[in-house]
Amino acid sequence: MSTALEDYHKQLIQYFLRDGAYNEKEMIDLLNALRDRYKLKITIKDEIRTFTNVFLPLINKHINQYGIEIKQVTSEEYENNIYFVCIQNFKPQFVKMDCSYTEKEAAVFEKLLELVITNDDKCVAPREVFEGILANDLKMTQKEFGEIMARFHRDKWIESGPDNTVILHARAILEMQSFIMDTYRDFIYNCQICTRLLIRGLICSNSSCDVHIHRSCAARYFHRLSNSTSNSTTKKTAYPCPVCKQEWNKDDVVSILKTNNVHDGNDTERSTGTIHKKQRTSKTNDHNNGINNRSIRSTHRQIRNESDDDDDDDN
């Protein structure tokens with residue numbers, strides 16, 4: 001099996017460097033476009049498995065030496081939303097992550113990050129961010145602020161939260177986890193199941209228990225409990241906390257088991273950091289987010305145009 005990068009691997013790297021992150025639908029569309037151009041043997045409906053098991057290990061092997069890596073991550077708020085994110089391991093601060101962002105845009109994000117993480121519910125109204133920016137003597141119009149926030153949505157740094165708020169996108173949490181853990185240690189926690197950094201998640205019903213769990217991790221945990229109960233001769237309806245064993249909030253369990261498509265536990269990376277302080281996290285929110293995901297139709301056109309150029313060269 002070849003360990004060299006093919007042209008389609010290199011093109012995938014270019015797209016990730018340009019766009020930063022793709023959701024599953026965008027990833028499938030991109031792979032299908034590349035398949036048409038390069039005559040790749042990717043079975044329809046098997047695109048994601050091919051990318052994660054075949055393409056991604058080889059790509060990461062080549063780009064890791066440059067301090068970048070493509071990872072798969074699940075949204076904290078919407079456990080069915082899976083993303084593939086290109087992160088820069090050696091640049092934890094937002095202002096250094098991408099030279100395409102201005103200092104003013106970086107200042108807006110840093111204030112947004114502070115307000116989200118220090119808020120009990122781990123979300124913030126855009127109005128509060130704008131007021132915080134003005135309080136820091138940063139001159140900005142509401143129109144300019146709206147355009148910056150729209151860009152953060154498009155680039156998958158934030159996503160829509162409950163009650164017209166914004167929350168951190170999985171991309172922001174993954175790429176900035178070192179910075180967040182160093183700067184906001186008193187306001188964050190680790191997931192009991194996967195041990196990764198957790199900003200928003202589910203909290204044990206027992207007020208004296210410190211357990212917090214990602215919604216996606218809770219889905220797998222409760223799904224396993226549900227299967228073991230259904231296979232047992234003794235029927236039980238309780239879903240105990242993995243630590244204190246008190247029954248978990250039934251509404252949370254029912255919501256997760258009803259709406260979640262359970263994924264294998266290898267879709268996320270473990271955090272090596274240790275966080276000791278307890279945080280308060282919000283309860284579930286099952287409605288789909290309102291993010292304007294980046295359309296990759298322009299990518300399709302680019303691929304087709306490049307293909308046409310190749311044909312012209314051949315003639």
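**Exercise 1. An arginine in a loop**

Decide whether R200 is buried or exposed, and find what its side chain touches.

*Solution.*
Step 1. R200 has 2% relative accessibility, so R200 counts as buried. Buried means under 20% relative accessible area, exposed means over 50%, and partly exposed is in between (1.4 Å probe, protein chains only).
Step 2. Know the model. It is predicted: local features need pLDDT of at least 70, side-chain atom pairs count only at pLDDT 80 or more, and totals for chains, interfaces and linings use all residues. Residues are numbered from 1 along each chain as its sequence is written, and side-chain values use heavy atoms, with hydrogens and water left out.
Step 3. Place the residue. R200 sits in the loop between β7 (197-198) and β8 (202-203). Helices (H or I, at least four residues) and strands (E, at least two) are DSSP runs, numbered from the N terminus.
Step 4. List the partners. The R200 side chain makes a polar contact of 2.7 Å with the side chain of E77. A polar atom of the R200 side chain also lies 2.3 Å from the backbone oxygen of D121. A polar contact is a pair of N or O atoms within 3.5 Å; within protein, one must be able to donate a hydrogen and the other to accept it, and residues adjacent in sequence count only if both atoms are side-chain atoms.

**Exercise 2. The whole chain**

State how many helices and strands the protein chain has, and what share of its residues is buried.

*Solution.*
Step 1. The chain has twelve helices and nine strands.
Step 2. Of its 315 residues, 50% are buried.
Step 3. Look at the surface. The chain exposes about 16,300 Å², and carbon and sulfur atoms supply 45% of that area. The areas come from the Shrake-Rupley method with a 1.4 Å probe; for residues, only the protein chains shown count as cover.
Step 4. Look at the contacts. Take those with a separation of 6 or more: residues 24 or more positions apart account for 65% of them. Contact means heavy atoms within 4.5 Å.

**Exercise 3. Two cores**

Find which elements give two or more residues to the largest nonpolar core, and which gives the most.

*Solution.*
Step 1. Fix the term. A nonpolar core is a set of buried Ala, Val, Leu, Ile, Met, Phe, Trp, Tyr and Cys residues joined through side-chain atoms within 4.5 Å.
Step 2. Find the hubs. The largest core has 30 residues; V108, F109, L112, L113, F152, L168 and I180 touch the most other members.
Step 3. Name the elements. Two or more residues come from each of α5 (103-118), α6 (126-135), α7 (142-154), β5 (166-168), α8 (170-175) and α9 (177-183). With six residues, α5 gives the most.
Step 4. Find the other core. A second, separate core of 22 residues includes Y8, I13, Y22 and F51.
Step 5. Follow F51, which is in helix α3 (residues 47-63). F51 counts as buried, at 0% relative accessibility. Beyond four places in sequence, its contacts are L12, F16, M27, L31, L56, P57, I70 and F84. From F51 to L31 is 20 residues in sequence and 8.2 Å in space, C-alpha to C-alpha.

**Exercise 4. The sides of α6**

Show why the buried residues of α6 lie on the same side.

*Solution.*
Step 1. V129, F130, G132 and I133 are buried in α6.
Step 2. These residues are on the same side of α6 because they cover an arc of only 160 degrees around the axis. The arc is that of the directions from the helix axis to the C-beta atoms.
Step 3. Recall the general rule. An α-helix has 3.6 residues a turn, so residues three or four places apart point the same way.
Step 4. Check each side. The buried residues of α6 pack against α5 and α7. The face turned away from them carries the exposed residues R127 and A135.
Step 5. Go just past the helix. There D137 takes a positive phi of about 65 degrees.

**Exercise 5. R18 and two cysteines**

Work out how far R18 is from C86, and how many disulfides there are.

*Solution.*
Step 1. R18 is in helix α1 (residues 7-19). R18 is partly exposed, with a relative accessible area of 43%.
Step 2. R18 and C86 are 68 residues apart in sequence, yet 9.5 Å apart in space, C-alpha to C-alpha.
Step 3. The side chains of R18 and D19 share a polar contact of 2.9 Å.
Step 4. C86 is buried at 8% relative accessibility; C123 is buried at 10%.
Step 5. A disulfide is a pair of cysteine sulfur atoms within 2.5 Å. By this rule the count is zero.
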